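Visitor: Please show me the structure, and then let me ask about its interior.

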Amino acid sequence: IFVQLMHTGRASHPANLPAGARFLAPSAIPLPDQIWTDANGMQPYPVPGEMSEADITQSIAEYANSAKLAMQAGFDGVELHGANGYLIDQFLNTASNQRNDRWGGTVENRIRFAVEVARATVAAIGAEHVGMRISPYGAFNAMAPDAEMDALYLRLIDELNALGLLYIHV
C-alpha cells in the first residue's frame, strides 16, 4: 500500500490551516475561484505568499521526512502528488509559476522542484518505494498548457527515470 504525499500550495486557504501556518506557493498568484472554509463557508482564494529559497528547501525536506514517517507507519511506499494543480504541479506550470530565479522560467528550472523532491525522497526511503503522479495538460486548479509543455514533461520523465523511481503515474 502506497500513501500519496501532497502539498496544496495555492489551492488552500489560511482559514483551513493550523494557527500560525503560512500560506505559500511558487508565485503570489491566487486561484481564480472559491474554496470552502469551515469558519466562513465559501471564500475567494487569497493571494499566497511567494516561497523563499528557505521555504523551498524546507518543503523538499518535509516531503522526504513525510516519506520516512510513512515507511515507519508501515506503508510500502509513497506517491508524490505532482498533478492536479498542487504544489509540485504549480512549480511545473507557468499559470502558477512566474518566478525568475532557479525555480522558474526555463524548462530545467520549472522541473527542478519536482526533481529535487523526488531526489530527496529517494535518498530518504529508496527509489523502489517512490512513485510520482503527474498530469500533463491537466487543467484542474487553474493549470494551463504552454508552448513548452511537451518538452517539460519529457525532460521531467527523463530526470525521474534517472533517479530510478518505481513508477510514474500519468
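Guide: Contact here means heavy atoms within 4.5 Å. This is a predicted model, in which local features need pLDDT of at least 70, side-chain atom pairs count only at pLDDT 80 or more, and totals for chains, interfaces and linings use all residues. Residues are numbered from 1 along each chain as its sequence is written, and side-chain values use heavy atoms, leaving out hydrogens and water.

Visitor: Which element gives the most to the largest nonpolar core?

Guide: A nonpolar core is a set of buried Ala, Val, Leu, Ile, Met, Phe, Trp, Tyr and Cys residues joined through side-chain atoms within 4.5 Å. Buried means under 20% relative accessible area with a 1.4 Å probe, protein chains only. The largest core has 35 residues, and Met 132 is among those with the most contacts inside it. The element that gives the most, with 9 residues, is α3.

Visitor: Leaving aside neighbours within four places in sequence, which residues of β6 does Met 132 contact?

Guide: Strands are DSSP runs of E, at least two residues long, numbered from the N terminus. β6 spans 77-82. Among the contacts of Met 132 are Glu 79, Leu 80 and Gly 82.

Visitor: Is β6 enclosed or open?

Guide: Gly 77, Glu 79 and His 81 point one way from β6, and Val 78, Leu 80 and Gly 82 the other way. Because 6 of its 6 residues are buried, β6 is largely enclosed by the rest of the structure.

Visitor: Which residue in β7 stands opposite His 81?

Guide: Two strands pair if DSSP finds at least two bridges between them. β6 and β7 pair in the parallel sense over 5 bridges. Opposite His 81 stands Arg 133.

Terms used. Buried means under 20% relative accessible area, exposed over 50%, partly exposed in between (1.4 Å probe, protein chains only). Helices (H or I, at least four residues) and strands (E, at least two) are DSSP runs, numbered from the N terminus.
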